[in-house]
Amino acid sequence: MDEKETLIRKIQDLLYRQDDKRTENHSLQLSPREITIVRQVSRGLTNRQIAEKLFLSAHTVMTHRKNISSKLGIKSVSGLTIYAIVNGIITIEEATSKPAR
């Protein structure tokens, strides 16, 4: 089993331990736009790619990411990706597939 499969299996195990109920805490903490940004970051897009896709400036995307980091206390892309999977913002498949550029 390669590293990707091992990571997917570990995350799935964590998800199934949660009594199959996903809390909606992220919706209380993050705005809808911030959730969209988290989804795009977790899919592997850069600030510039996110800006182009959402018709925003790169500066606005960076501001959203700073606000997200401040609210959640998560600074890394990998941390945001795990947060997004655990909170049902994206699926494991979305996180592990190559981003559409």
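## The loop after α4

F55 sits in the loop that links α4 (47-54) to α5 (58-72). In this predicted model, F55 adopts a positive phi of about 60°, although it is not a glycine. That backbone setting comes just after α4, so it is a handy spot to begin a tour of the fold.

Is F55 buried or exposed? F55 is exposed, and its relative accessible area is 77%.

## The buried side of α4

Stepping back into the helix itself, which residues of α4 are buried? They are Q49, I50, A51 and L54. The cover over these buried residues includes α3 and α5. Both of those helices return below, where a charged pair is described.

## A salt bridge from α3 to α5

Side chains of opposite charge can pair when their charged atoms come close. How many salt bridges does a search of the whole structure find? The search turns up one. Its partners are the side chains of E34 and K71, which meet at 2.8 Å, N to O. Since E34 belongs to helix α3 and K71 to helix α5, the pair ties together parts that are 37 residues apart in sequence.

It is worth looking at each partner in turn. E34 is buried, with a relative accessible area of 5%. For K71 the relative accessible area is 40%, which makes K71 partly exposed. The bridge therefore joins a buried glutamate side chain to a partly exposed lysine side chain.

## How α3 meets α6

Two packed helices are described by the angle between their axes and the distance between the axes. For helix α3 (residues 32-42) and helix α6 (residues 77-86), the axes come within 9 Å and cross at roughly 115°. Because of that angle, α3 is roughly perpendicular to α6. The crossing in which α3 passes α6 is left-handed.

Which residues make this contact? From α3 come V38, V41 and S42, and from α6 come V77, L80, T81 and A84. Sorted by character, the residues of the contact divide into five nonpolar and two polar, with no charged ones.

## Drawing it together

Helix α3 is a useful thread to follow through the model. α3 helps to cover the buried residues of α4, carries E34 of the salt bridge, and passes α6 in a left-handed crossing. Helix α5 also takes part in covering the buried residues of α4 and holds K71, the other partner of the bridge. Between α4 and α5 lies the loop with F55, where this tour began.

Note on methods: Residues numbered from 1 in each chain as written. Predicted model: local features only at pLDDT ≥ 70, side-chain atom pairs only at ≥ 80, totals over all residues. Heavy atoms only, no water. Helix = DSSP H or I, 4+ residues; strand = E, 2+ residues; numbered from the N terminus. Buried < 20%, exposed > 50% of the residue type's maximum accessible area, 1.4 Å probe, protein only. Axes fitted to C-alpha atoms, helices over the stretch in contact; angles between N-to-C directions. Parallel < 35°, antiparallel > 145°, perpendicular 65-115°, else oblique. Left-handed = near helix turned anticlockwise from the far one by under 90°. Contact = heavy atoms within 4.5 Å. Nonpolar A, V, L, I, M, F, W, Y, C, P; charged D, E, K, R; others polar. Salt bridge = Lys/Arg side-chain N within 4 Å of Asp/Glu carboxyl O.
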